Amino acid sequence: MTDLDLQAVHDEMVAIAYEAGRMILEANPADLDTGTKLNSVDIVTEADQAVEKMVSTRLAASFPSVSFMGEETYKPGMRLGREPTFIVDPIDGTTNFVHSFPNACISLGLAVDRSPAIGVIYNPWQDLLFTAIQGKGAYMTRTKGTVPQKLPLAKSPRPLEGLGTSLIAIEWGAHRDGPNFELKTDVFKKLAASRETGGSMVHSLRSLGSAALNIAAVAAGQFDAYWEGGCWAWDVCAGWCILTEAGGRMASGNPGNWNPELESRVYLAVRGAPTGQEELVDEIWKVVGDRQMDYAV
C-alpha cells in the first residue's frame, strides 16, 4: 500500500490536531478578519489560514515526500493523485466558529491511492478526538490523556430498522439556490414528513454544522446516517476512514453508486449495524428518487 509507517504518521497527526486545537481556542472570532468565498455563508477567517499554515509546515517537515491538499490553499482544478496525500480542513464548521458555537473541528486525513488511510478529527471545545488507521479500528477519546473508546460506542449496535426509527444528519450547505438546493430541501421535507403525507417520518434531522463531526457521530453510532451533497475531500476524508473502521459504510448520496470516489462531493454515511445497512441506503435513495445532485469538482 505504502512505505509510510502509518502508526507514526497517525501519532504526528494527533499531535498536530491538539496544537491546532490550542490555536483555535486562543482565537477570538470577534477580533478576526473574516471573508467569504462562494457567498456570504461560505466563510473563511484568518484563523483557518493560520491553522492550515501550521499544519502544512509541520507535516512537510515530518513527511516531506507526502503531498498536501488543504481547503484554504486549494486551487480550482486541483485533483487528488494516487500518491500519499494529506487532506486537511483546518476548521470544519467555520460558521459555528465565527458565532462562538462550540461545535467545530480540525479534520486531518491521509489518502493513499485516493482512499482514506488515516483519519483524525478533533473538536477542541469538547476536547473530543476521533481517530482511525486503516485496518486498526476507530477510536474516540473524550479528554486528552484518558483511555480511547473503540467505535462504535455500543458494544452491541442495534440493527438498522429503516428510516422510521432513524436519526439522520443533514446540512444546508453554502449553495442556497438552484437544482441542488431544491433537491436537498425536498428530501429534507420527505424525510421528516408524516407517513400520512407520504413522508418517512424519521425520528428527527440534525445538523452539527460540520461534515467531519457528522460523519464521526455516525461512526460512533450516535446518528444512523448522514446524507450530503456539496462537501469536498477535506470535509470527508478523515471521517470516512473513521466510519469504515467503525463498521460503517460510505455510499453515494446519489442513488445507485455504492462506491463513490473521495472527491465525488455527494455522500451517504451509514453507521455500523448487524443488519439493515444496505436496506437503509436503498430507502434513502428511494426518497431521493431519480434525481441527481451535481457539484463541480
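# Notebook: strands, helices and an annotated site

**Entry 1, the β13 edge.** I began with one residue pair: methionine 250 stands opposite alanine 269 in β14. This is a predicted model, so I read every position below as part of a prediction. Next I looked up how the two strands run, and found that β13 and β14 (residues 266-270) are antiparallel and joined by three bridges. I then noted what packs there: helix α7 (residues 277-288) sits on the sheet and touches β12, β13 and β14. The direction of α7 makes about 140° with that of β14.

**Entry 2, the whole sheet.** I followed the pairing outward and got five strands in an open sheet, in the order β11-β10-β12-β14-β13, with mixed pairing. β11 (204-206) and β13 (249-251) are the edge strands, each pairing on one side only. On average, neighbouring strands here are turned by 20° against each other, direction ignored. I also checked helix α5 (residues 211-220), which lies across β10 (167-169), β12 (225-229), β13 and β14. Helix α5 runs at about 155° to β12.

**Entry 3, strand β5.** I moved on to β5 (residues 105-112) and asked myself how many of its residues are buried. I found eight of its eight residues buried. Both faces are covered, with Cys105, Ser107, Gly109 and Ala111 on one side and Ile106, Leu108, Leu110 and Val112 on the other.

I then looked up the partners of β5. With β4 it pairs in the antiparallel sense over six bridges, and I noted leucine 108 in β5 as the bridge partner of valine 88. With β6 (residues 115-123) the strand is also antiparallel, over seven bridges; there, leucine 110 stands opposite isoleucine 118. β5 and β6 form a hairpin with two residues between them. In that turn I picked out aspartate 113, which has a positive phi of about 55°.

**Entry 4, the annotated site.** I turned to the record: an unreviewed UniProt entry gives a "binding site" annotation covering Glu71, Asp89, Ile91, Asp92 and Asp235. These residues span 165 residues in sequence, yet no two of their C-alpha atoms are more than 9.6 Å apart, so they gather at one spot.

I took two of them in turn. Isoleucine 91 is in strand β4 (residues 85-92). Is isoleucine 91 buried or exposed? I have it down as buried, because its relative accessibility is 1%. Leaving aside neighbours within four places in sequence, isoleucine 91 contacts Ile24, Ala47, Asp48, Phe97, Ala104 and Cys105.

Aspartate 92 lies in β4 too. I noted a relative accessible area of 6% for aspartate 92, so this residue is buried. With neighbours within four places again set aside, its contacts are Ala104, Cys105, Ser210, Ala211, Ala212 and Asp235. I liked seeing Asp235 in that list, since the UniProt annotation covers Asp235 as well.

**Entry 5, α1 against α2.** Last, I looked at how helix α1 (residues 6-26) meets helix α2 (residues 46-62): they pack at an angle of about 155°, with axes 10 Å apart. The pair is therefore roughly antiparallel, and I noted a right-handed crossing. On the α1 side the contact is made by Glu12, Met13, Ala15, Ile16, Glu19, Ala20, Met23 and Ile24. On the α2 side I listed Ala50, Val51, Met54, Val55, Arg58, Leu59 and Ser62. Ile24 of α1 appears in this contact, and I had already met Ile24 among the contacts of isoleucine 91.

Technical notes. Residues numbered from 1 in each chain as written. Predicted model: local features only at pLDDT ≥ 70, side-chain atom pairs only at ≥ 80, totals over all residues. Heavy atoms only, no water. UniProt positions renumbered as here; feature names shortened; annotations may be inferred. Helix = DSSP H or I, 4+ residues; strand = E, 2+ residues; numbered from the N terminus. Buried < 20%, exposed > 50% of the residue type's maximum accessible area, 1.4 Å probe, protein only. Contact = heavy atoms within 4.5 Å. Pairing = 2+ DSSP bridges. Axes fitted to C-alpha atoms, helices over the stretch in contact; angles between N-to-C directions. Parallel < 35°, antiparallel > 145°, perpendicular 65-115°, else oblique. Left-handed = near helix turned anticlockwise from the far one by under 90°.
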